[in-house]
Amino acid sequence: MKKLNLLLCVFTAGLYFSQTISGTILSKDENHPIAYAKIGVDKENVGVITDENGNFSIDLSNTNTSGKIKVEVAGYEPFTETISDFIKQNSQKIYLKEKVKNIQEVKLKPKKLVDKNWGVNTKTKTVMYSVNPAFKKEDFLGETALEFKASRRSKIKTINLNIASTTADRPVVMRYTIYNEKNGFPNESILDEEITVELTKDKIIDQTFSLDVNDKNIWVQGKFFVGIQFLKEFEGRLNISAALFRTGYIRKFYGDWKKMTIAAPAINIDVKVDKNAKDEEKQEEFNDQALSYDFGDVSKYIEESNKEIYGKNDGVGKFLKLKDADLYYEVYGEGEPLFLLHGNSGSIKDFYQQIPELSKQYQVIVMDTRSQGKSTDKTKKDFNYKIFSDDVKALASHLNLKKINIAGWSDGGNTGLEFALKYPESLNKLITIGANAFPEGVDKDLTENFMIKYKVSQLENKPESFNQGRLLKLMLKEPKITNKQLNKIQNKVLVIAGEKDVITQEHTQFLAKQMPNSELKIYKDATHMIPFENAEQLNQDILDFMKK
């Protein structure tokens with residue numbers, strides 16, 4: 001009997017501490033429901049959002065009963081209660097008391113106010129922060145934020161969110177929150193009222209969803225954060241443009257904020273800066289174009305390449321094991337050998353539109369450059385294009401190829417130039433696509449982009465950032481090919497670049513002029529992404545040049 005009583009007690013306790021509690025959150029003064037309020041467990045990832053009528057239902061199973069339930073709504077005093085007390089009632093009514101607002105009159109001379117825009121302005125469709133309710137609910141209800149710094153007292157006029165695309169089947173309900181800072185992370189909301197909005201396609205103008213908050217009288221100074229949270233599930237997906245290597249912040253419900261160093265969403269704000277105010281600290285402003293250089297929308301080409309077999313073809317893929325690297329390669333077709341060399345941080349799959357066409361007439365050898373794609377590098381030393389050209393020679397020798405042709409895109413073209421200098425007897429013809437002989441030939445904004453990203457990788461000092469840092473440093477320091485060296489290249493060379501390439505047209509023309517047996521072709525209106533965007537024309541030009 002005692003054993004039975006003990007089991008009953010344990011069973012009863014399990015019921016007591018594992019409950020789903022329903023209720024309503026209301027305004028104490030006006031007794032009206034508070035829509036889209038956050039109710040969750042403090043310092044935990046457990047929580048829900050109230051509906052339009054303030055109703056909620058929260059599952060507190062497996063939570064520590066000594067923890068605290070927390071409700072925070074802008075303009076109201078926060079509510080906290082221990083879970084053990086909270087679950088004593090199955091139906092809850094939580095009343096929030098309005099905060100007393102201290103409204104201070106601000107007098108500013110119009111001529112002392114200066115318009116500024118801060119934040120991430122990129123409108124890329126390649127790097128995106130994706131919001132998808134179909135994934136884990138706790139992730140969807142999470143919050144992301146971007147840090148800002150105002151050296152002088154400033155008023156936020158507009159909050160902008162750059163949208164890459166949306167397939168949402170209904171208005172996307174979301175909330176903006178402005179946080180002050182503590183220990184480098186978002187801390188408390190400084191808002192007097194919630195900023196809840198409905199995002200619809202018709203409100204997205206030129207890829208930007210803008211919200212006028214001028215009447216909300218939001219003044220900031222020093223470090224602060226603009227956060228976004230999505231409040232209602234929808235079918236489909238919302239893709240927000242994002243900047244690579246820009247630090248964002250993320251948390252799940254009332255859990256701790258964490259840094260997100262891979263990318264940050266394109267949140268930017270229009271402000272009026274009070275030039276009359278005391279300048280406590282210099283505003284650190286970044287060139288957002290440099291932080292996230294826009295190569296155009298190549299997302300569809302990336303998606304298409306991922307669907308193809310190239311770069312992951314187990315039937316033909318092999319590794320060449322060197323002393324300090326393992327080089328992955330694939331071979332297609334028969335005939336005269338033609339190496340295709342990809343660009344920085346690329347892989348074999350980038351040539352998914354070239355391989356099937358060129359391999360009809362040539363033996364096409366595609367390889368992942370060391371430390372990229374499936375190829376590995378066992379060293380810790382800096383990269384240079386001479387090392388990469390040695391790898392090409394090693395693979396050619398392994399395949400018993402005495403003389404090869406090379407078509408190299410971007411970094412691959414640079415490697416081709418180094419190969420021509422070091423192994424002229426092993427090279428027949430060379431095609432370069434968007435190549436450069438020295439770093440100064442690259443667009444200055446892109447070079448600045450590389451520099452910032454490289455500094456970020458150095459500051460992070462993480463194992464996963466090491467290789468990225470080496471590849472960035474490579475583009476900042478290499479190649480170092482002189483005029484006289486270019487003059488020595490006697491092989492036939494086809495120099496290709498886009499009219500809007502990141503390699504300046506002057507440099508491309510210089511490159512072709514210095515090599516005595518070269519031809520120059522500039523693709524009208526083309527960018528650096530010629531193998532993606534101008535595949536048919538490029539394939540034909542390669543075939544025509546090879547037959548000469």
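Me: A salt bridge here is a side-chain nitrogen of Lys or Arg within 4 Å of a carboxyl oxygen of Asp or Glu; how many salt bridges does the structure hold?
Reply: The structure holds 26 salt bridges. This is a predicted model, in which local features need pLDDT of at least 70 and side-chain atom pairs count only at pLDDT 80 or more, while totals for chains, interfaces and linings use all residues. Residues are numbered from 1 along each chain as its sequence is written, and side-chain values use heavy atoms, with hydrogens and water left out.

Me: Ok, which residue does aspartate 377 pair with?
Reply: Aspartate 377 forms a salt bridge with arginine 370, and the closest N and O atoms of the two are 2.6 Å apart. Arginine 370 also meets aspartate 391 in a salt bridge, at 2.7 Å from N to O.

Me: Where do arginine 370 and aspartate 391 sit in the chain?
Reply: Arginine 370 is in the loop between β25 (363–367) and β26 (376–377), whereas aspartate 391 is in helix α7 (residues 385–398), so named because helices (H or I, at least four residues) and strands (E, at least two) are DSSP runs numbered from the N terminus. The two residues are 21 apart, and the pair links distant parts of the chain. Through shared partners, salt bridges join Asp324, Arg370, Asp377, Asp391 and Arg470 into one network.

Me: Are arginine 370 and aspartate 391 buried or exposed?
Reply: Arginine 370 is buried, and aspartate 391 is buried as well, where buried means under 20% relative accessible area, exposed over 50% and partly exposed in between (1.4 Å probe, protein chains only). Aspartate 377 is likewise buried.

Me: And lysine 43, what does that one bind to in a salt bridge?
Reply: Lysine 43 forms a salt bridge with aspartate 256, with the closest N and O atoms 3.9 Å apart. Here too the pair links distant parts of the chain, since lysine 43 is in the loop between β2 and β3 and aspartate 256 is in the loop between β18 (248–251) and β19 (258–260), 213 residues apart. Lysine 43 itself is exposed, because its relative accessible area is 56%.

Me: How do β2 and β3 fit together?
Reply: Strand β2 (residues 38–41) is joined to β3 by 3 bridges, and the two run antiparallel; two strands count as paired if DSSP finds at least two bridges between them. Lysine 38 stands opposite isoleucine 49 in β3. Both strands belong to an open sheet of 4 strands in the order β3-β2-β5-β6, with antiparallel pairing. The edge strands of that sheet are β3 (47–49) and β6 (79–82), each of which pairs on one side only.

Me: Switching topic, what do β11 and β12 form?
Reply: β11 and β12 form a hairpin with 2 residues between them, and asparagine 183 in the turn has a positive phi of about 55 degrees. The hairpin strands, β11 and β12 (residues 185–189), run antiparallel and are joined by 3 bridges. Glutamate 181 has proline 186 in β12 as its bridge partner.

Me: Why does proline 186 count as buried?
Reply: Proline 186 counts as buried because its relative accessibility is 7%. With contact taken as heavy atoms within 4.5 Å, and leaving aside neighbours within four places in sequence, proline 186 is in contact with Ala145, Tyr179, Asn180, Phe225, Tyr249 and Trp257. The C-alpha atoms of proline 186 and aspartate 256 are separated by 9.6 Å, although these residues are 70 apart along the chain.

Me: Which strand holds threonine 177?
Reply: Threonine 177 is found in strand β11 (residues 172–182). Threonine 177 is buried, with a relative accessible area of 8%, and among the residues that it touches beyond four places in sequence are Glu143, Phe225 and Gly227.

Me: What about the largest nonpolar core, which members touch the most others?
Reply: Of the 52 residues in that core, Ile156, Tyr176 and Phe224 touch the most other members, a nonpolar core being a set of buried Ala, Val, Leu, Ile, Met, Phe, Trp, Tyr and Cys residues joined through side-chain atoms within 4.5 Å. Strand β10 (residues 143–166) supplies the largest share, 7 residues. Beyond its close sequence neighbours, within four places, isoleucine 156 is in contact with residues including Ile178, Val213, Phe224 and Val271.

Me: Last one, how many helices and strands does the chain have?
Reply: The secondary structure comes to 14 helices and 30 strands, and buried residues make up 51% of the 548 residues in the chain. One of the helices, α14 (residues 535–547), has 13 residues, and its buried residues include Leu538, Ile542 and Phe545.

Conventions. Expected span 1.5 Å × (residues − 1).
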